[in-house]
Amino acid sequence: MIEPIKWENNRIVFIDQTELPVRLKHVKCGDIDTLCEAIKKLRVRGAPLIGVAVGLGYALAAINSKEKTHGGLKKDLGRASKKMRATRPTAVNLFWALDRMEKAFLCHCKGDLAITRIKKYILKEALDILKEDKKMCIAIGRNGARLIKNGDVVLTHCNAGILATAGQGTALSILYEAKKQGKIFKVYADETRPLMQGSRLTMWELMQSGVDATLICDNMAASTIKNKGVTKIIIGADRITRNWDAANKIGTYGLAVLAKYHGIPFYVAAPSSTIDKNIKSGRDIPIEERNRDEIIYTGSKQTAPLKAKVYNPAFDVTPAKLITAIITEKGIHLVGEVFPRQARDDSRDGEQSRTKTSPTR
Ligand code: MRU
């Protein structure tokens, strides 16, 4: 069983995802600076996993603190939280998890409760986030597997699998559950330029689990949908807003447009911790722009003129009206237009209700 993150002997142990698929390297992390660097460099990545990581990071900061007073510990934790909040802006799970950790700390930092007891409560909260994430992945998988039929051809983008969570993934969890149920289907995985999460990570984990998966370059998606009979697109999300717009890895929006043109359903799978009820629509989601070198170089090889002007947004926003349904641990929420034939058939089999209200978490 692949475990992208765990807590061992008061340390965070994570898989360095930048080394995959060549090497399965585990890193023992004992300080916040190492964790922040790992999140910025995408050694630890994927919205739910980032949430779990910063929860554990908060616990690590508490355990490492030498302060003997409530006020001193609060200052140390405040500094650690600020550093972690500055790592990546788009995945709301990061902020959700830190908000939850801060609330847990404040709730126990009262009266004359001993510092050691407070630290225990903080660690428990972080480990609860990790455990809940595992459970949420299974629930999303089971809910979404109802939409998978024998003969389906599924296209996915980036990595919304085991490596992006503490459990068995979101979008890919649906495929794992469908496979467990004996359903026969095929998957096409986009390589996901520029950092190749699709080819490096999704292909790696799908192959380990025996799912029938084929790798394509991003610019092959349209012709693959047309010529290989793709029946549905399933992806993850980094932030979903009150009106159900969804931010995900750059390239997702284009796939949603393609899905509409080809009349196939477009599904987003995410835990409810990815829903940001403070933000009304996708226009207000902060989109991370990353270093130009990620485009100028492919790996270590220079593949563009050094002085080329570069635009490198890491995410895009898919408007709700292009999303057929959002699958969470709570169920399947029909969102946008239900596309022709295929989606109508799916909805008879699995989808529950068209949600008119705003999401809750
Ligand atoms: O930049 P990344 O690799 O962290 O981006 C990850 C994605 O966009 C995933 O699709 C998303 O976080 C969902 S993961 C369950």
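**Ligand site, pockets and backbone features of the predicted model**

In this predicted model, an oxygen atom of the ligand lies 2.6 Å from an N or O atom in the side chain of R45, a polar contact in the sense of a pair of N or O atoms within 3.5 Å. Two further side chains approach the ligand in a similar manner: an N or O atom of R88 is 2.8 Å from a ligand oxygen, and one of D238 is 2.9 Å from a ligand oxygen. On its own the ligand has 420 Å² of accessible area, and the protein covers 100% of this area (Shrake-Rupley method, 1.4 Å probe). The model is a prediction, in which local features need pLDDT of at least 70 and side-chain atom pairs count only at pLDDT 80 or more, while totals for chains, interfaces and linings use all residues. Residues are numbered from 1 along each chain as its sequence is written, and side-chain values use heavy atoms, with hydrogens and water left out.

The shell around the ligand consists of 18 residues, of which R45, R88, D238, N248 and K249 come nearest; a residue is near the ligand if one of its heavy atoms lies within 4 Å of it. Helix 2 (47–64) and strand 9 (246–249) each supply at least two residues of this shell, where helices (H or I, at least four residues) and strands (E, at least two) are DSSP runs numbered from the N terminus. By class, the shell has eight nonpolar, six polar and four charged residues. In this scheme Ala, Val, Leu, Ile, Met, Phe, Trp, Tyr, Cys and Pro are nonpolar, Asp, Glu, Lys and Arg are charged, and the others, Gly among them, are polar.

It is helpful to turn next to the space around the ligand. Rolling a probe the size of a water molecule over the atoms shows where empty space is left. On a 1 Å grid over the protein atoms alone, a cavity is a set of points where a 1.4 Å probe fits but cannot get out, a pocket is an open set with protein on both sides within 12 Å along at least five of seven lines, and lining residues have an atom within 4 Å of a point. Grid points are joined across faces, edges and corners, and a volume is the space filled by probe spheres set on the points.

Three cavities of 30 Å³ or more are present, and the largest has a volume of about 230 Å³. Its lining comprises 25 residues, with R45, G46, A47, N159 and D238 closest to the centre. Helix 2 and strand 9 are the elements that give two or more residues to this lining, and helix 2 gives the most, with three. The lining of the largest cavity divides into 11 nonpolar, nine polar and five charged residues. The ligand sits in this largest cavity, that is, more than half of its atoms lie within 2 Å of the grid points.

Among the pockets, the largest holds about 470 Å³ of space. Of its 15 lining residues, T18, K41, P194, L195 and E294 are closest to the centre. Helix 10 (293–296) and strand 11 (297–298) each supply at least two lining residues, and by class the lining has five nonpolar, three polar and seven charged residues.

About 210 Å³ of space lies in the second largest pocket, and the residues that line it include D31, D33, D76, R79 and K83. Helix 1 (32–40), helix 2 and helix 3 (70–85) each give two or more residues to that lining; helix 3 gives the most, with four. The lining of the second largest pocket has three nonpolar, two polar and five charged residues.

Finally, a few backbone features deserve a look. Most residues other than glycine have a negative phi, and most peptide bonds are trans. The peptide bond from L20 to P21 is cis, with omega near 10 degrees, and P21 is found in the loop between strand 2 (11–15) and strand 3 (26–29). R193 and P194 are also joined by a cis peptide bond, with omega about 0 degrees. P194 lies in the loop between strand 5 (185–190) and helix 7 (197–208). T192, located in the loop between strand 5 and helix 7, has a positive phi of about 70 degrees although it is not a glycine.

Conventions. Polar contact = N/O pair within 3.5 Å; in protein donor to acceptor, adjacent residues only side chain to side chain.
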